Amino acid sequence: MPSADPPRFSDLVAANEATLLADWMKQQKAARGTRLDLLGESELEDQSRRFLRAFRTALATGDLDDVSQPAWSDVRDFLREVSRSRALQGLKPAETALFVFSLKQPLFALLRGALGNATDRLALDTWQISTLLDQLGLFTMEAYQQTREEIIVRQQQELLELSTPVVQLWDRILALPLVGTLDSSRTQVVMESLLERIVATGSEIAIIDITGVPTVDTLVAQHLLKTIAATRLMGADCIISGIRPQIAQTIVHLGVDLGTVVTKATLADAFAVALKRTRDAAVSAQRDPTT
Amino acid sequence: MDRIPILKMGEYLLVTIQVDMHDQLALALQEDLTERINRERAAGVLIDISSLDVVDSFIGRMIGNIAAMARVLDANTVVTGMRPAVAITLVELGLSLEGVHTALNVERGMALLRKKVAARNA
């Protein structure tokens, strides 16, 4: 099928690299999704030039069917770097994928110009290049997604560390202001840090303030009850404060039984109760003749 | 066979668990303690588990059982010094030891016991 001597595709790209780059840049700038405000024209041009160079080298050595071949490793590394930086800059997925997909048109134009008459060859090459670029585009998206997932995991960890401060309000009184949704992994961290602090400070009362907890469903309530049960086993008592009206309604509607747990509307109320209890305990200990 | 010593202090009995609990030991303790409460006519029992760092469901249930038996024999029971890891384990096992009094350390446990006994005698 290959007729007389139409130039090989890799040679075509190598010979016309400058024109390709110019066309591609024009294409990218014209496309709606290109965020020149975030990327900067010179950076975009630099990225495009480096990609073309790697692309040309890979074309010359590797086969055009499978971009997971070692010959394509430079291209893959570069694309990974590009999508990574774009993900971190906050570009959307489509805007990131555009980088590779916008190369299609300049490449097809180049092919048409060089192989205008050899239609069989033209169709074949177009198909090959199209699949190749699709593969590269998909790879870009995968790398983009991966970077985003890394960001999410990191943020979750940061959140976990940030969100569980246990503060000592008074002698033998601790407060635990909870902010954000309680899931099982967070409950574990909350429970551990609260119990550790109870031991360290010798506290008798822990006030769990849920003003910052957006919703209380059965699962969250169960987590709360677990924490309270563990605190009680340690020999301390818990008071829940900061229950908003809607949350009180949900708790009752869901049929959650808070049992004997003392609940107060505000942290201030809970603190007053806690103070009274610790003072009473101190007074009765003083009066007790056997002490 | 090893046994956990039970100390008498006035009208209270003091049990401190200093070794790893295994099932036989727990059963022996249950037997000894009920026997002693009966014989000494103790008003209160204090069980200190501050050295206990591993529990399983059996030991957890035994602690609850011993406390319940002491209550039946008309003695108040306080469990003291439970470690955070132990407390979390028990809660995860679903054993929240309802009805068992707890305190942070032996001193507070003793104060609580005195209060309970005084309330009962009043």
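Two residues are in contact here if their C-beta atoms, placed from the backbone, lie within 7 Å. With that in hand, we can look at chain A of this predicted model: among its contacts between residues at least 6 apart in sequence, 75% join residues at least 24 apart. Chain A has 291 residues, and buried ones make up 29% of them. Its secondary structure comprises twelve helices and five strands.

**Two helix pairs in chain A**

Two packed helices are described by the angle between their axes and the distance between the axes. Here are two such pairs, side by side.

| Helix pair | Angle between axes | Axis distance |
|---|---|---|
| α9(A) (residues 184-201) and α10(A) (residues 218-234) | about 20° | 10 Å |
| α2(A) (residues 17-30) and α7(A) (residues 104-115) | roughly 140° | within 8 Å |

Let us start with helices α9(A) and α10(A), which pack at an angle of about 20°. Because angles under 35 degrees count as roughly parallel, that value makes α9(A) roughly parallel to α10(A). The crossing of these two helices is right-handed. On the α9(A) side, the contact is made by A:Ser184, A:Thr187, A:Val190, A:Met191, A:Leu194, A:Leu195 and A:Ile198. Helix α10(A) answers with A:His223, A:Lys226, A:Thr227, A:Ala230, A:Thr231 and A:Met234. By character, the residues of this contact divide into seven nonpolar, five polar and one charged.

Next come helices α2(A) and α7(A), whose axes cross at roughly 140°. This angle makes α2(A) oblique to α7(A). Their crossing is right-handed. Helix α2(A) brings A:Leu20, A:Asp23, A:Trp24 and A:Gln27 to the contact, while α7(A) brings A:Gln105, A:Pro106, A:Ala109 and A:Leu110. Sorted by type, the residues of the contact between α2(A) and α7(A) are five nonpolar, two polar and one charged.

**A hairpin in chain B**

Over in chain B, strand β1(B) (residues 6-9) pairs with strand β2(B) (residues 12-16) in the antiparallel sense, over four bridges. If you would like a place to start tracing the pairing, try B:Lys8, whose bridge partner in β2(B) is B:Leu13. The two strands form a hairpin, with two residues between them. In the turn, B:Gly10 has a positive phi of about 60°.

Conventions: Residues are numbered from 1 along each chain as its sequence is written. Chains are lettered from A and ligands numbered from 1 in the order in which they are written. This is a predicted model: local features need pLDDT of at least 70, side-chain atom pairs count only at pLDDT 80 or more; totals for chains, interfaces and linings use all residues. A residue is buried if 20 or more other C-beta atoms lie within 10 Å of its own, exposed if 12 or fewer, and partly exposed in between; C-beta atoms are placed from the backbone. Axes are lines fitted to C-alpha atoms, for helices over the stretch in contact, and angles run from 0 to 180 degrees between N-to-C directions. Angles under 35 degrees count as roughly parallel, over 145 as roughly antiparallel, 65 to 115 as roughly perpendicular and the rest as oblique. A crossing is left-handed if the near helix is turned anticlockwise from the far one by less than a right angle, and right-handed if clockwise. Ala, Val, Leu, Ile, Met, Phe, Trp, Tyr, Cys and Pro count as nonpolar, Asp, Glu, Lys and Arg as charged, and the others, Gly among them, as polar. Two strands pair if DSSP finds at least two bridges between them.
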